Amino acid sequence: MAQPVNQTQFVFPSHSVNESFGRAAVSAFLAQLDPTVSDLTELKTAVSEAVTNAIVHGYQDEIGLVYITVKLFENGKAVVRIRDKGCGIPDVQKAMEPLYTTGGEERAGLGFSVMQSFCDRVRVTSSPGKGTSVTLTKLFQPKTTP
């Protein structure tokens, strides 16, 4: 696999108010790719969904840590990994089905569908009792000038 040309990582507590921090920090780091507003908005939305899942579902009624790693590659590819050490997902395939949720009536169950629609690749790995890792890959196209 190619080596990243730049990368960063950060960790924050799973307080719901920190979801916007995770999204903004990833967005700020991605700015060096000079992405289109549309591409950046799509990945920010996918990151928001993954961070929200870690906070709401991964840690449920406790506070843990959310880990984010962002790697940028020469070809404009960005790989963002959002990880928690929470309760894990017993059946990843089921959890990725549209409208499936364990979060009650206030949750739509569309988080993974949103991630998949806005990214070129979404990979989810999870172990019950050990946590979940969501890896989002998006290829940023260079801006075209009129």
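Arg23 and Glu19 both lie in helix α1, four residues apart, about one turn of the helix. Helices here are DSSP runs of H or I with at least four residues and strands are runs of E with at least two, numbered from the N terminus. The model is predicted, so local features need pLDDT of at least 70 and side-chain atom pairs pLDDT 80 or more, while totals for chains, interfaces and linings use all residues. Residues are numbered from 1 along each chain as its sequence is written, and side-chain values use heavy atoms, without hydrogens or water.

**Exercise 1. Describe how Arg23 and Glu19 meet, and decide for each whether it is buried or exposed or in between.**

Step 1. Side chains of opposite charge can pair when their charged atoms come close. The criterion for a salt bridge is a side-chain nitrogen of Lys or Arg within 4 Å of a carboxyl oxygen of Asp or Glu.

Step 2. Arg23 and Glu19 satisfy this with an N to O distance of 2.8 Å.

Step 3. For accessibility, buried means under 20% relative accessible area, exposed means over 50%, and partly exposed lies in between (1.4 Å probe, protein chains only). Glu19 has 14% and is therefore buried, while Arg23 has 26% and is therefore partly exposed.

**Exercise 2. Find the salt bridges of Lys138, and say which residues they join into one network.**

Step 1. One partner is Asp39, with the closest N and O atoms 3.9 Å apart. Lys138 lies in strand β5 (residues 131-139) and Asp39 in helix α2 (residues 37-58), so this pair ties together parts that are 99 residues apart in sequence.

Step 2. Another partner is Glu42, where the closest N and O atoms are 2.8 Å apart. This pair also links distant parts of the chain, with Lys138 in strand β5 and Glu42 in helix α2, 96 residues apart.

Step 3. Lys138 is buried because its relative accessible area is 5%. Glu42, at 22%, is partly exposed.

Step 4. Through shared partners, the salt bridges join Asp39, Glu42 and Lys138 into one network.

**Exercise 3. Lay out the sheet and place helix α1 against it.**

Step 1. Five strands form an open sheet in the order β1-β2-β3-β5-β4, with antiparallel pairing. Two strands pair if DSSP finds at least two bridges between them.

Step 2. At the edges are β1 (6-13) and β4 (121-127), each pairing on one side only.

Step 3. Eight bridges join β1 to β2 (residues 65-72), and Phe12 stands opposite Val66 in β2.

Step 4. Helix α1 (residues 19-30) lies across β1, β2 and β3 (77-84), running at about 170° to β1. Contact means heavy atoms within 4.5 Å; axes are lines fitted to C-alpha atoms, for helices over the stretch in contact, with angles from 0 to 180 degrees between N-to-C directions.

**Exercise 4. Work out which kind of ring pair Phe10 makes with Phe12 and with Phe21.**

Step 1. Rings of Phe, Tyr and Trp (its six-membered ring) pair if their centres lie within 6.5 Å; planes under 30 degrees apart count as stacked, over 60 as edge-to-face and the rest as tilted. The structure holds three aromatic pairs.

Step 2. Phe10 and Phe12 have ring centres 6.3 Å apart and planes at 25°, so this pair is stacked.

Step 3. Phe10 is buried at 15% relative accessibility, and Phe12 is buried at 4%. Between Phe10 and Phe21 the centres are 5.7 Å apart and the planes at 75°, so that pair is edge-to-face.

Step 4. Ring pairs thus link Phe10, Phe12 and Phe21 into a cluster.
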